[in-house]
Amino acid sequence: MRTLDYIKLDSAAAAKVVESLQQLLADYQVFYANLRGFHWNIKGHGFFVLHSKFEDLYNNAAEKVDELAERILMLGGVPKNKYSDYLKVSNIKEVEGVTNGDEALNNILETYSHFIVEERKLLAVASQAGDEATVAVMGDYLKEQEKMVWMLCAYASK
């Protein structure tokens, strides 16, 4: 039995959504690993605030990874699950050894900027496919991330 038969989405259109979701999944997995590194290695002024915030952010990213993988399954795909696969296609680059709060924040803001652009594209692809559920998920991500960008920019202001 196929889920698509019951949720009444065209398989060819759903495949395009799955392709975009796979890309986003890879990007989120690398982002998650970067956030863990920021959390573990941050030093200096703002340590207590940033250490805690980075933990919140990586927990949020982990939830999104799971949600994206499950959405891929619902649409008839199979989510990639190997970091070696993610690293081949991710548009987010691995970072290591970041101990400076400003550098970490800049990386996070750049990554959110990337996500916002890609999620808007995915929202359009899902909309064309009649996939309102993925549209809703992307809308939720965008709302949350635009607010987080505003908050991180406010925190980073001097």
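This is a short tour of the structure above, from its overall build down to its aromatic rings.

## The overall build

First off, keep in mind that this is a predicted model. The protein chain has 6 helices and 0 strands, so if you walk along the sequence you'll read the pattern α-α-α-α-α-α.

What about size? The C-alpha atoms fill a box of roughly 55 × 30 × 20 Å along the principal axes. The radius of gyration is 17 Å, and since a compact globule with 158 residues would come out near 15 Å, the two agree.

## Inside and outside

Of the 158 residues in the protein chain, 42% are buried. On the outside, the chain exposes about 9000 Å², with carbon and sulfur atoms supplying 54% of that area.

The contacts say something about how the chain comes together. Take those between residues at least 6 apart in sequence: 79% of them join residues at least 24 apart.

As for charges, the protein chain carries 17 positive and 23 negative ones. The mean positions of these two sets are 2 Å apart.

## Rings that meet

Now for the aromatic side chains: the structure holds 9 aromatic pairs. One of them joins tyrosine 32 and tyrosine 58, whose ring centres are 5.9 Å apart. Their planes sit at 90°, over the 60 degrees needed, so this pair counts as edge-to-face.

Which helices does that pair link? Tyrosine 32 belongs to helix H2 (residues 11–41) and tyrosine 58 to helix H3 (residues 47–74), so the pair ties together parts of the chain 26 residues apart in sequence. Is tyrosine 58 buried or exposed? It counts as buried, because its relative accessibility is 7%, and the cut-off for buried is under 20%.

## A pair within one helix

Another edge-to-face pair is made by tyrosine 83 and tyrosine 86, with 5.4 Å from centre to centre and 90° between the planes. Here both partners lie in helix H4 (residues 83–89), 3 residues apart, which is about one turn of the helix.

The two tyrosines have their own accessibility values. Tyrosine 83 counts as partly exposed because its relative accessibility is 37%. Tyrosine 86, at 3%, counts as buried.

## An aromatic cluster

Finally, have a look at five residues that belong together: Tyr28, Phe31, Tyr112, Phe115 and Tyr141 form one aromatic cluster. Try finding Tyr28 and Phe31 in the structure, then pick out Tyr112, Phe115 and Tyr141, the other members of that cluster.

Methods: Residues are numbered from 1 along each chain as its sequence is written. This is a predicted model: local features need pLDDT of at least 70, side-chain atom pairs count only at pLDDT 80 or more; totals for chains, interfaces and linings use all residues. Side-chain values use heavy atoms; hydrogens and water are left out. Helices (H or I, at least four residues) and strands (E, at least two) are DSSP runs, numbered from the N terminus. The radius of gyration is taken over C-alpha atoms; the globule rule is 2.2 Å times the number of residues to the power 0.38. Buried means under 20% relative accessible area, exposed over 50%, partly exposed in between (1.4 Å probe, protein chains only). Contact means heavy atoms within 4.5 Å. Accessible areas come from the Shrake-Rupley method with a 1.4 Å probe; for residues, only the protein chains shown count as cover. Lys and Arg count as positive and Asp and Glu as negative; His and the chain ends are not counted. The place of a charge is taken as NZ of Lys, CZ of Arg, CG of Asp or CD of Glu. Rings of Phe, Tyr and Trp (its six-membered ring) pair if their centres lie within 6.5 Å; planes under 30 degrees apart count as stacked, over 60 as edge-to-face and the rest as tilted.
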